[in-house]
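The following exercises concern the contacts that one chain makes with its neighbours. Each task is followed by a solution in steps.

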There are 4 protein chains.
Amino acid sequence: MSRTTVYRLRVEFGDCDPAGIVWFPNFFRWVDAASRHYFVTCGVPPWHELERRTGVMGTPLVDTQARFVKSASYGDELAVHTTIAEWRGKSFVQTHRVMRDEELVMECREVRVFAARRSEAEGGGIRAVEVPEEVRALLG
Amino acid sequence: MSRTTVYRLRVEFGDCDPAGIVWFPNFFRWVDAASRHYFVTCGVPPWHELERRTGVMGTPLVDTQARFVKSASYGDELAVHTTIAEWRGKSFVQTHRVMRDEELVMECREVRVFAARRSEAEGGGIRAVEVPEEVRALLG
Amino acid sequence: MSRTTVYRLRVEFGDCDPAGIVWFPNFFRWVDAASRHYFVTCGVPPWHELERRTGVMGTPLVDTQARFVKSASYGDELAVHTTIAEWRGKSFVQTHRVMRDEELVMECREVRVFAARRSEAEGGGIRAVEVPEEVRALLG
Amino acid sequence: MSRTTVYRLRVEFGDCDPAGIVWFPNFFRWVDAASRHYFVTCGVPPWHELERRTGVMGTPLVDTQARFVKSASYGDELAVHTTIAEWRGKSFVQTHRVMRDEELVMECREVRVFAARRSEAEGGGIRAVEVPEEVRALLG
């Protein structure tokens, strides 16, 4: 059984568009914060610390499916419920449910990888790597 | 045969995260701009003008599937190729391919609706409406 | 004596740039949220409610001076201390101090106005208006 | 005589707030892009390249004064006119005028420094450094 973490946020005026509702890219901003919050809650050190020891500098997104169920607006308090649905070799499936009290506002299913930087000689950018042992141990 | 429009952009320093690559919510920012650019290119008036005549204030996102194929960084020039793959009653499927020259960087498939504001009496927010006649005529 | 409100936030990975520190426009995002939080804390209703009764739809920025004292990064917890330093006719001066525990990270001094929408006939956009009586009463 | 560069942009729907006008932190996003564009136009290499040779990873903001003169909305095409008003030891003053055709929309005056990363041993973050010789030569 995987654990579920909860990341709480307030919707702000500037998160909303001329229709008065949350402009959708902001949901991905919150989901990304919730993704990292999951690891922090499990005791995984900050990426810049993990990078020094293991080379891993984060868990970039490879694939996402999202469904926008209800609109939200400023003043709303939302909670992102996050869990890991599946572990694969270098990737994992993380799901997020953005709730306003009992009401589902948005949900998404992400495939992310553990990534390390590629050297300049390799052309820069990033590449997927195995989940570091110390992370796997924490996520049990 | 649906037409394809191209929306061009430069990746900026502030679009990138501590890994030095585009932070993914920014791709959705560009895809959203490309979505509106499609309608503008087809001759559809700005939403605030269309709203006065038809009540339609935009085409909010209902569902999206996205695949991140290559990382991008500041200095990159990207082109978003956008088309409409399918028309349904109140919704439509729009696809976007974000290219760096001949290379696919990201692609996504969106379901969007034409939406009007709900009155305060109806509880605020938005609701899906039929595609206005004048828009359908322009999109042929 | 003016009151001071405190708006708390966590710095996220996506708020940081390739140098690994907060990309400065995000500080203005937080300061803007802190500005609205001040009014909410004083009991002023949400702008969309106030607009129905008084026409006021927000307090847009006219002028700002900001000083960036320390860098911040993801994982930091910041508190924005906000007060109103001066009331003028249609405008006011609001100051914000962004703190990390006892350390000053950024500070700014803003001039904002109470604004109402201009009709389409007037060319659209917004115009400054007198502070509504009900707001002045709450801010004492 | 300092040169002036021009950075062009389109205001998008998602750049605007519930009042239908540009949410002000986005102006700083564009000004930051215009600041980097100035150096690129002068032939200064991308920061990640400059960092390898000189340690300089960018020109973070130390101080800014901004004045918001006119509102802008989606569909507007803006041009940011940028110049360097003054060189100091490790810092410089850069000014930006955001224009819509002949009309001034926003202007700001920034103090920025050339910065290098501080090592982890030094506590991380960044520190101001002298303008690299190769940059000074290009900026004449």
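**Exercise 1.** State how many residues chain D and chain C each bring to their contact, and describe the area buried there.

*Solution.* Chain D contributes 25 residues to this contact and chain C contributes 24 residues, in what is a predicted model. Next, consider the area: about 2000 Å² is buried between chain D and chain C. Of this area, 66% lies on carbon and sulfur atoms.

**Exercise 2.** Determine which elements of chain D supply two or more residues to the side that touches chain C, and which of them gives the most.

*Solution.* Three names meet the condition in chain D: α1 (25-41), β3 (61-68) and β6 (103-117). The greatest contribution to this side comes from β3(D), with eight residues. By class, the side of chain D that touches chain C holds 13 nonpolar, five polar and seven charged residues.

**Exercise 3.** Describe how strand β3 of chain C and β3(D) pair, and identify the bridge partner of Gln65(C).

*Solution.* Begin with the direction: β3 (residues 61-68) of chain C and β3(D) are paired in the antiparallel sense. The pairing extends over five bridges. Within it, Gln65(C) has Gln65(D) as its bridge partner.

**Exercise 4.** Count the salt bridges and the residue pairs in polar contact between chain D and chain C.

*Solution.* The number of salt bridges between chain D and chain C is zero. For polar contacts, the rule finds 10 residue pairs across this interface, both residues being at pLDDT 80 or more.

**Exercise 5.** Carry out the corresponding description for chain D and chain A: residues in contact, buried area, salt bridges and polar contacts.

*Solution.* First, 12 residues of chain D are in contact with 11 residues of chain A. Second, these two chains bury about 950 Å² between them, with 67% of it on carbon and sulfur atoms. Third, the count of salt bridges between chain D and chain A is zero. Fourth, zero residue pairs in polar contact are found across this interface, where both residues must be at pLDDT 80 or more. The side of chain D that touches chain A comprises six nonpolar, three polar and three charged residues.

**Exercise 6.** What rotation and shift superpose chain D on chain A, and why do the copies meet through the same surface?

*Solution.* Chain D is superposed on chain A by a rotation of 180° with 0.0 Å of shift along the axis, at an RMSD of 0.0 Å. The two copies are therefore related as by a two-fold rotation axis. Turning to the surface, 92% of the interface residues of chain D are also interface residues in chain A, so the copies meet through the same surface.

Notes:
Residues are numbered from 1 along each chain as its sequence is written. Chains are lettered from A and ligands numbered from 1 in the order in which they are written. This is a predicted model: local features need pLDDT of at least 70, side-chain atom pairs count only at pLDDT 80 or more; totals for chains, interfaces and linings use all residues. Side-chain values use heavy atoms; hydrogens and water are left out. Copies are superposed by least squares on the C-alpha atoms of residues with pLDDT of at least 70 in both. Contact means heavy atoms within 4.5 Å. Buried area is the accessible area (1.4 Å probe) that two parts lose on being put together, summed over both. A salt bridge is a side-chain nitrogen of Lys or Arg within 4 Å of a carboxyl oxygen of Asp or Glu. A polar contact is a pair of N or O atoms within 3.5 Å; within protein, one must be able to donate a hydrogen and the other to accept it, and residues adjacent in sequence count only if both atoms are side-chain atoms. Ala, Val, Leu, Ile, Met, Phe, Trp, Tyr, Cys and Pro count as nonpolar, Asp, Glu, Lys and Arg as charged, and the others, Gly among them, as polar. Helices (H or I, at least four residues) and strands (E, at least two) are DSSP runs, numbered from the N terminus. Two strands pair if DSSP finds at least two bridges between them.
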